[in-house]
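Me: Please examine closely one helix pair in this structure. I should like a connected account of the packing and of the residues that take part.

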Amino acid sequence: MTAPDTTSRVAPATAATEPFTPSTSAIRVFAALGLLLLAVTSVLFVTIVLRQAYSGDGASGPLVDVAQLAMALSAIAGLSALCLPGTAMGHGARRGTVWAQYVLAVGGPMLAAVDFA
């Protein structure tokens with residue numbers, strides 16, 4: 001009878017991946033948190049636009065449409081990173097989409113705050 005080899009030098013498949021890379025489910029949680037951030041920045045966006053409209057010359061800043069588009073693209077990016085299956089989107093693409101989601105969500109109110117007058 002031979003005993004099984006317990007001192008195998010072959011590394012398991014899970015050790016071959018980088019240990020600090022977040023899993024797909026963790027990235028999906030960050031995408032869901034990004035949608036919550038988008039709700040908060042939407043309120044901030046409306047506050048900035050209304051404050052600009054009621055003070056000064058009565059018009060909001062010139063980049064309001066661009067800011068609104070950035071926030072809409074943030075929602076699309078967040079929903080795609082959250083809802084698309086793992087076979088449709090790779091790990092790196094999902095991570096990049098979540099980064100883009102956060103940048104667009106924060107960039108929307110920043111663009112709306114620009115007022116050249």
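Reply: In this predicted model, the axes of α3 and α4 come within 8 Å and cross at roughly 155°. Because this angle is over 145 degrees, α3 is roughly antiparallel to α4. The crossing of the two helices, α3 and α4, is left-handed.

On the α3 side, the contact is made by Val66, Ala67, Ala70, Met71, Leu73, Ser74, Ala77, Gly78, Ser80 and Ala81. On the α4 side, Arg94, Thr97, Val98, Gln101, Leu104, Ala105, Gly108, Pro109, Leu111 and Ala112 take part.

Among these residues, Arg94 of helix α4 merits separate attention. With a relative accessible area of 1%, which is under 20%, Arg94 is therefore buried. The side chain of Arg94 reaches the backbone oxygen of Ala81 at 2.6 Å. Apart from residues up to four places away in sequence, Arg94 touches Ser80 and Ala81, and also Thr24, Ile27, Arg28, Leu84, Pro85, Gly86 and Met89.

The helix pair also contributes to the largest nonpolar core, a set of nine residues: Leu38, Phe45, Ile48, Val49, Val64, Ala67, Met71, Ala105 and Ala112. The elements giving two or more residues to this core are α2 (24-54), α3 (64-83) and α4 (91-112). The largest share, four residues, comes from α2. Within the core, Val64 is in contact with Phe45 and Val49, once its neighbours within four places in sequence are left aside.

Key:
Residues are numbered from 1 along each chain as its sequence is written. This is a predicted model: local features need pLDDT of at least 70, side-chain atom pairs count only at pLDDT 80 or more; totals for chains, interfaces and linings use all residues. Side-chain values use heavy atoms; hydrogens and water are left out. A nonpolar core is a set of buried Ala, Val, Leu, Ile, Met, Phe, Trp, Tyr and Cys residues joined through side-chain atoms within 4.5 Å. Buried means under 20% relative accessible area, exposed over 50%, partly exposed in between (1.4 Å probe, protein chains only). Contact means heavy atoms within 4.5 Å. A polar contact is a pair of N or O atoms within 3.5 Å; within protein, one must be able to donate a hydrogen and the other to accept it, and residues adjacent in sequence count only if both atoms are side-chain atoms. Axes are lines fitted to C-alpha atoms, for helices over the stretch in contact, and angles run from 0 to 180 degrees between N-to-C directions. Angles under 35 degrees count as roughly parallel, over 145 as roughly antiparallel, 65 to 115 as roughly perpendicular and the rest as oblique. A crossing is left-handed if the near helix is turned anticlockwise from the far one by less than a right angle, and right-handed if clockwise.
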